[in-house]
Amino acid sequence: MKKLINEIDNIVDEMLDGMTAAYPNYVKRLEGLDVLVRAGGSEGKVALVSGGGSGHEPAHGGFVGKGMLDAAVAGAVFTSPTPDQVYEAIKAADGGKGVLLVIKNYTGDVMNFEMAADMARDEDIEVDQVIVADDVAVENSTWTTGRRGIAGTIFVHKLAGACAEAGGSLADVKRIAEKVIANVRSMGMAVDACTVPAAGKPSFDLAEDEIEIGIGIHGEPGVNREKLSSVNDISDKLLDKIFAEGIYNAGDEVAVMVNGMGGTPLMELFVANKHVHEVLADKGIKIYKTLVGNYMTSLDMEGFSITLLKLDDELKTYLDAPADTPAFVQV
Amino acid sequence: MSTKVYDCISKIGDTIEENKDFLTDLDREIGDADHGVNMARGFHAVVEKIPKDDANIGAVLKKTGMTLLSTVGGASGPLYGTAYMEAGKVMAGKTEMTAEDFSAILKAAIAGIQKRGKAIRGEKTMLDALIPASEVFDEKIAGGSDIVTALNAACEEAEKGIEYTKTIRATKGRASYLGDRSIGHQDPGATSATLTLETIRDFLKEE
């Protein structure tokens with residue numbers, strides 16, 4: 001394993017201090033905790049709190065700022081943060097109008113965030129939550145924990161964050177978050193696995209000519225192992241599975257995110273995006289906005305995910321609203 | 001002089017440490033390869049943080065639960081943390097534990113785990129070891145057995161519970177993504193729960 005690290009155990013700590021040093025106008029770190037909050041506080045508005053294991057940078061700390069999150073909690077690499085950390089984040093972010101937790105659908109994340117919410121309610125802080133489960137690679141049945149939350153989470157941060165910034169109530173902000181969740185779907189793939197620093201070796205082994213389709217964001221294997229093909233073919237496979245949801249039809253307007261997993265050059269993401277635009281044009285689906293870049297990564301994994309969000313006038317308004325965060329700026 | 005509850009919890013910590021790699025390997029098969037590592041980290045912190053001389057069993061169990069919650073992470077942290085905190089409520093203010101107390105501890109811990117994990121028996125979780133163990137423990141106590149005899153029977157049931165988890169597919173937690181591929185593997189949580197019961201039994205036997 002070759003990585004730019006000092007002590008493996010200090011990675012998250014040093015990363016958070018480095019982020020705070022880089023963006024003092026945006027974020028500050030709660031003392032002794034792995035929590036980033038807005039440098040200017042969140043008084044008088046509904047607060048959005050998210051987080052999860054580390055290794056998904058810039059998610060989630062990079063999205064703390066005006067128009068998106070109010071606090072982000074960082075767990076150990078790929079491990080949910082503990083309830084005491086989430087609880088402190090809720091307390092610090094609460095501006096008196098209530099707090100919405102944006103949780104990705106993993107057993108550990110859901111339990112730790114829910115316990116923190118219980119603790120905060122004991123102190124009379126109004127807390128509600130939404131659970132993002134946009135990954136179509138996982139079967140959504142009563143026989144599993146359900147779909148994972150992946151890159152679509154960024155759209156929840158953006159649109160619900162805009163609603164909160166505009167003065168929406170906790171119920172309003174939750175409604176927008178749930179509307180995004182109902183209309184957003186993603187699917188990802190890997191050309192190569194990632195290496196968790198503490199594990200020291202790749203999370204799965206792929207031959208030179210193999211790829212994993214349907215990976216999550218924790219280095220877990222995907223649903224299919226296949227031979228490497230062109231990025232157009234791969235994109236078609238991801239899109240087919242997303243289209244099979246029946247949400248995106250001719251005449252619809254969507255936002256597109258082509259998200260890098262951390263180890264894939266932007267050049268390749270743009271090549272993928274070109275094809276995504278062609279396919280959507282063929283289907284008569286209009287693209288209202290496109291995001292290409294590393295938003296929800298998986299350490300050094302090579303690969304990408306495609307996310308579609310179906311829009312109506314209300315969602316467009318919140319998508320277009322300004323945002324000013326370390327990793328997402330829109331004027 | 002340390003209290004019995006301190007000694008028992010530090011024995012549980014020893015057992016977890018001894019089985020750290022075993023639990024992590026079980027988790028590698030069907031989960032994310034961190035169960036033993038996370039539990040061991042948690043119990044190291046517990047043994048450091050709980051008072052050696054506080055005879056209030058409830059307070060020590062509560063502190064154990066709070067510490068596991070803030071150090072283990074993942075899904076095991078909230079589940080074991082809840083179990084110990086619920087046990088702490090049962091034992092609040094008590095300095096001795098009777099067989100009836102232990103019966104109530106098991107039931108409270110199970111109820112807490114079920115509520116937090118939204119799981120039921122038969123989903124390839126620690127409940128598949130704990131619920132049958134609790135049931136047979138109550139039967140034995142009702143039949144006049146002493147606590148060690150009842151715990152012996154409970155541990156046997158928990159072991160059977162582990163075997164049972166090999167035969168079923170996971171429908172909760174990360175193992176559920178594997179679908180039928182989780183069949184054939186024993187559940188790491190059921191295993192650590194059984195190891196915990198066995199350690200308590202061995203501790204009480206020596207007493």
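Q: How many residues does each chain bring to the contact between chain A and chain B?
A: Two residues are in contact if their C-beta atoms, placed from the backbone, lie within 7 Å. Here 18 residues come from chain B and 18 residues from chain A. This is a predicted model: local features need pLDDT of at least 70, side-chain atom pairs count only at pLDDT 80 or more, and totals for chains, interfaces and linings use all residues. Residues are numbered from 1 along each chain as its sequence is written, with chains lettered from A and ligands numbered from 1 in the order written.

Q: Which helices of chain B supply at least two residues each to the side that touches chain A?
A: Helices (H or I, at least four residues) and strands (E, at least two) are DSSP runs, numbered from the N terminus. The suppliers are α4 (57-71), α5 (76-90) and α6 (99-117) of chain B. The largest share, three residues, comes from α4(B).

Q: What is the order of strands in the open sheet of chain A?
A: Two strands pair if DSSP finds at least two bridges between them. The six strands run β9-β8-β7-β12-β10-β11 (chain A), with mixed pairing. The edge strands are β9 (224-227) and β11 (286-293) of chain A. Strand β10 (253-260) of chain A pairs with β11(A) in the parallel sense, over seven bridges. Lys286(A) in β11(A) is the bridge partner of Glu253(A).

Q: Which strands does helix α7 of chain A lie across?
A: Axes are lines fitted to C-alpha atoms, for helices over the stretch in contact; angles run from 0 to 180 degrees between N-to-C directions. Helix α7 (266-282) of chain A lies across β10, β11 and β12 (302-311) of chain A, at about 165° to β11(A).
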